[in-house]
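Hi,

Here is the structure I promised to pass on. Have a look at it first, and then read my notes below with the 3D view open.

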Amino acid sequence: MDVRSSVVTRRDALIDGHWVQADSGARFPVLDPATGATLEEAPDMGAAETRRAIEAAARAFSSWRATPAKQRAAIMRRWFELILAEQESLAQILTAEQGKPLAEARGEIAYGATYIDWFAEEGRRVYGDVLPPTANDRRQLVFKQPIGVVAAITPWNFPSAMFARKVGAALGAGCTMVLKPAEQTPFSALALADLAMRAGVPAGVVNVVTARDPAPVGEELTGNPLVRKLSFTGSTEVGKILLRQAAENVQKCSMELGGNAPLIVFADADLDLAVKGAIAVKYRNCGQTCISANRLLVHESVISEFAARLAARASELKVGDGRDEGVALGPLIEEAAVEKCERQVADALARGAKLLLGGARHKLGGSFFEPTVLEGVTADALIFNEETFGPVAPIVAFTDEAEALRLANATPYGLAAYFYSRDLSRIFRIAEALDFGMIGVNETLMSSEAAPFGGMKQSGLGREGSRYGVDDYLELKYVCLGGM
Ligand code: ADP
């Protein structure tokens, strides 16, 4: 076992307030992607443990929902403060199991925590309605009530923040939760859950089940009628599987799926700002985010200048172990991610693209990949059509606004889109015409707890964060009083 395993604070799963092993005692290794060494082992659980966690969450629901929102908020606020107090140790765990630079890991911990704080407060403002009656002898009301036990399945790219975003909304609304974190990164979630216990979150309100094989756990989470809602963040492919499974019990679903974000640079753009924004949104987390710019669409009149500046800036990004000073690009999560980048680069080059920077595995070996810039990429290229999830920036030329829009919307995905322009009427025109759930105008770092995060088309269902985010965890109940 690697000495770095000392950063892990909780190595067992959490069911009904107890830290537990798998029934079989089996564990599975979690790797440090920067070194390839085993960081620590997590319990390898299955359907039986998941069922117990669901039953615990169902028991805890009756008292958590009855706890006044103000009291729930006080507990959540303590949790939020503990997370901030432990920001550094949580960031160390996150970087060790996920690979991102420590500075980004610290940012993710703080970002995730804001959702717990936010939803603690939103939970206190879940108001029902009194309707104008449709007859004099009636009174008509709308109650908003917590939906019940929530299942959450989260990905490895933001293992801390994706859990926080879901559990914040669930607990604020009065729901309880069973989480299955990604098999690559279970320890960030366990560490957060540990702090929840220390903050006074009652036993059973938050449960975390870890597993090497997600399928049996997912089948129980969707097949068990006690689970009333599923909140998933991950690939569109797995989202579709889970939606099919959730149909059996007609579970309410929130789905935050894949993206294929365009970043459009119009001729009137502030190029300095556009290059800065593109670097931030393309290379953050080594390109492994669902809102990473996946296609840089640039007007033909500024493309050479933009491409040269982007390549120059990207070449300055230091690649290495996320724990090392000054590193901007950590390793990719695993070998398959490296192979996907290689495949997309080779395909683009075969279709006539020009390599301006990088294009290959980094000399550090392992799953490190060079920051890469390709110019002259065409709409038939793999990289134009598939999510990259790596540090490869493909630049595509366009000639007018209509073509830019057509290219941008030419995808079944609809999560985030970005564009750079200084023309106010164009800004409104384009923001209205882009079929994406989140639009960054002259800005690429736009996510916050106060704003609705989510996508259109095959990028998902529902919104997380903001005042809208709590709705996904509530049932509306209409109450009609007659004979008044
Ligand atoms: P990625 O491509 O980012 O790894 P996935 O969609 O494969 O995205 O994974 C996201 C989450 O979904 C992870 O927690 C993973 O374990 C889980 N997952 C993958 N396949 C299934 C499945 N068949 N049932 C339930 N969960 C799954």
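Let's start with β5 and β6: strand β6 covers residues 139-146, and the two pair in the antiparallel sense over three bridges. If you want a spot to zoom in on, find Val130, which stands opposite Leu141 in β6. By the way, this is a predicted model, so please keep that in mind as you click around.

These two strands belong to an open sheet of three, in the order β5-β6-β22, with antiparallel pairing. β5 (129-131) and β22 (474-481) are the edge strands, and each of them pairs on one side only. From one strand to the next, the twist averages 25 degrees.

There is also an open sheet of seven strands. Follow the order β14-β15-β16-β13-β12-β18-β19, and you'll see that the pairing here is mixed. Why is one side of β14 and one side of β19 left without a neighbour in the sheet? β14 (354-357) and β19 (438-441) stand at the edges and have a single partner strand each, so nothing in the sheet sits on their other side. On average, neighbouring strands of this sheet are turned by 20 degrees against each other, direction ignored.

At the β19 end, the partner is β18 (residues 416-420), and these two run in the parallel sense, paired over four bridges. One residue pair to look for is Phe419 with its bridge partner Val441 in β19. Over at β14, look for helix α11 (residues 335-350): this helix lies across β14, β15 (372-375) and β16 (392-398), and runs at about 30 degrees to β16.

Next, the ligand. Which residues are closest to it? They are Pro214, Gly218, Gly234, Ser235 and Val238, out of 15 residues that surround the ligand. Two helices help build this shell: α7 (214-223) and α8 (236-247) supply at least two residues each. Sorted by class, the shell has nine nonpolar residues, four polar ones and two charged ones.

Now zoom out to the whole protein chain. How many helices and strands does it have? The count comes to 14 helices and 22 strands. The radius of gyration is 23 Å, close to the 23 Å that the globule rule gives for 484 residues, so the chain is as compact as a globular protein of that length. Along the principal axes, its C-alpha atoms fill a box of roughly 70 × 65 × 40 Å.

Last, a bit from the records: UniProt, in an unreviewed entry, lists residues 19-479 as "domain: Aldehyde dehydrogenase". Over residues 19-479, the chain is 40% helix and 21% strand, and the end C-alpha atoms are 42 Å apart.

Write back if anything is unclear!

Conventions: Residues numbered from 1 in each chain as written. Predicted model: local features only at pLDDT ≥ 70, side-chain atom pairs only at ≥ 80, totals over all residues. Pairing = 2+ DSSP bridges. Axes fitted to C-alpha atoms, helices over the stretch in contact; angles between N-to-C directions. Contact = placed C-beta atoms within 7 Å. UniProt positions renumbered as here; feature names shortened; annotations may be inferred. Near = placed C-beta within 6 Å. Nonpolar A, V, L, I, M, F, W, Y, C, P; charged D, E, K, R; others polar. Rg over C-alpha atoms; globule rule 2.2 N^0.38 Å.
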